[in-house]
Amino acid sequence: MKVTPNPLTNCSILILIFSLNRREKQNWCWSLFNGIGIICSVIFGVILLLNGASPVDAAVVKVEKTDIGWQLLVDGQPFIIKGVCYTPVKVGEDPEDLTMRDWMIVDDNNDGIIDSAYQSWVDYDRNNKKDSDEPAVGDFKLIKDMGANTIRLYHHSSSNPKIQSLSRNNPLFDHAPNKKLLRDLHQKYGLWFAMGDFLGAHTIGSGATWEKGTDYTDPVQRKNMMRSVEDLINTFKDEPYVLFWTIGNENNRADMSRTNAQFHPEEYAKFVNEVAKRIHELDPNHPVALINGETTMLDMYRRYAPAVDIIGINTYFYFPGGFGSLWRDIDKLYDKPVFVEYKNAHPTIQGGSLDEIIDYRLHVESWRDIIRHTAGKSQPGNAIGGFKFQWLDTWWTDWDPAFQNLAKDGWHGEYHGIASQGDGHNSLFIRQLRHVYYAYQEIWKD
Ligand SMILES: [Ca+2]
Ligand SMILES: [Ca+2]
Ligand SMILES: [Ca+2]
């Protein structure tokens, strides 16, 4: 686990060893040197303590292609991503109105404990009340018990006012990240985090106005986005829970991302490559995943973005039995390891609630298709796992964030949760676990 030793720590240790080795010499000159060495060691140690620094214990994560296909390796061991997208939103809050808060700091019962992380509870009898046999358990214990090993976080908050201003001072991102919390979740539950930067999606990080959207031909905006990414890497690169970095979130789709990548694919792909190279300079220990909507523009990445390590696909399509020709299509266009972020894009709603049987069957088939295309199984062996979108129903996606309503186009984006928020009272604490939770518990246990 130990990598990239802190040079300050090394310096202190070297001086200390040097002074101890020479201690037997009585020469006054050596004594003076020893004295200086010990004093320096103490000063460096104090500086480290004051800075809250700790020994570097980031994992070494790599991707590797062999005869059997692509694999993600964590400290040398093959790793399949059993992932969950995690963005719990309290009923009534809406990121589009800049009212959504960061779950990492939400403590609405004012007890100093982060609510969703440690105090959510399962409403087993679905009566929308917390009964005596429904104790606070917390989302990450539930997610761990479901068998997941990785959480996807889309974008990072920052303590730097200049970086905050690039996200329109959005309350989601306008504060220091809660690294202590993430460390605890890693230590307690063994969960890894895929840490993201939107790279201008939804205008976050670019400094563009919402009306104009992010422009990848604008050198000022590109500089802003690079700074935002550098802030992410420099903040988290030595943290033990980082699995890899994600950049973008289907920025190739203008309708979904408010960027012009779709209209300037070459400029976008070249910028992505610059960003991936910069990340590798700052942090050689974690790969870079580009998140794309479906498989359009992969040929551009092949030509102009070879520095990307992993391609993540947000997919809305489902074919009987899984993802159809997705794995082969990607292999032909862009020879990289692949993970998918997937959902039941057309949830069947019966009598105002999700048809959980249809939903869980679809998810089981999707997961089996992922596993079928991992290294050593079906060709091309390029799958490294997937992220289920998402942990909790959101109520802001369509119309009023105070109501859970259907979409006019059948996408029903407010019903993608592994857990629902019941009737909306007791948000953000209540969890009604759907059948899909128990389905994953079964298929992810190996
Ligand atoms: Ca609390
Ligand atoms: Ca109950
Ligand atoms: Ca709604």
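## Strand β11 and its neighbours

In this predicted model, V340 stands opposite G386, a residue of strand β14. That pair belongs to a longer match: β11 and β14 (residues 383-388) run parallel and are joined by 5 bridges.

β11 also pairs with strand β10 (residues 310-315), again in the parallel sense and through 5 bridges. Here you can look for I311, which stands opposite V338 in β11. If you follow the chain with your finger, β10, helix α11 (residues 326-333) and β11 make a β-α-β unit, and that unit is right-handed.

## Inside the structure

Is β11 enclosed or open? Strand β11 covers residues 338-342, and 5 of its 5 residues are buried, so the strand is largely enclosed by the rest of the structure.

Now look at where the side chains go. In a regular strand, side chains alternate between the two faces of the sheet. In β11, V338, V340 and Y342 point one way, while F339 and E341 point the other way. The residues on both sides of β11 are buried.

## A three-stranded open sheet

Elsewhere, 3 strands make an open sheet in the order β1-β2-β3, with antiparallel pairing. β1 (61-66) and β3 (77-79) stand at the edges; each has a single partner strand, so one side of each is left without a neighbour in the sheet. From one strand to the next, the twist averages 45°.

For a closer look at this sheet, try β1 and β2 (residues 69-74), an antiparallel pair with 6 bridges. V61 is a good place to begin, as V74 in β2 stands opposite this residue.

## A buried residue in a loop

Next, find D283, which lies in the loop between helix α9 (265-282) and strand β9 (288-293). Why does D283 count as buried? D283 has 20 C-beta neighbours inside 10 Å, and a residue is called buried because 20 or more other C-beta atoms lie within 10 Å of its own.

Leaving aside residues up to four places away in sequence, D283 touches I233 and K237. D283 and I233 are 50 residues apart in sequence, yet their C-alpha atoms are 7.2 Å apart in space.

## The whole chain

Stepping back, the protein chain has 13 helices and 16 strands. Of its 446 residues, 45% are buried.

How much of the contact pattern comes from residues 24 or more positions apart? Such pairs account for 68% of the chain's contacts with a separation of 6 or more.

Terms used:
Residues are numbered from 1 along each chain as its sequence is written. Chains are lettered from A and ligands numbered from 1 in the order in which they are written. This is a predicted model: local features need pLDDT of at least 70, side-chain atom pairs count only at pLDDT 80 or more; totals for chains, interfaces and linings use all residues. Helices (H or I, at least four residues) and strands (E, at least two) are DSSP runs, numbered from the N terminus. A residue is buried if 20 or more other C-beta atoms lie within 10 Å of its own, exposed if 12 or fewer, and partly exposed in between; C-beta atoms are placed from the backbone. Two residues are in contact if their C-beta atoms, placed from the backbone, lie within 7 Å. Two strands pair if DSSP finds at least two bridges between them. A crossover is right-handed if, with the strands pointing away from the viewer, the path from the first strand over the helix to the second runs clockwise. Axes are lines fitted to C-alpha atoms, for helices over the stretch in contact, and angles run from 0 to 180 degrees between N-to-C directions.
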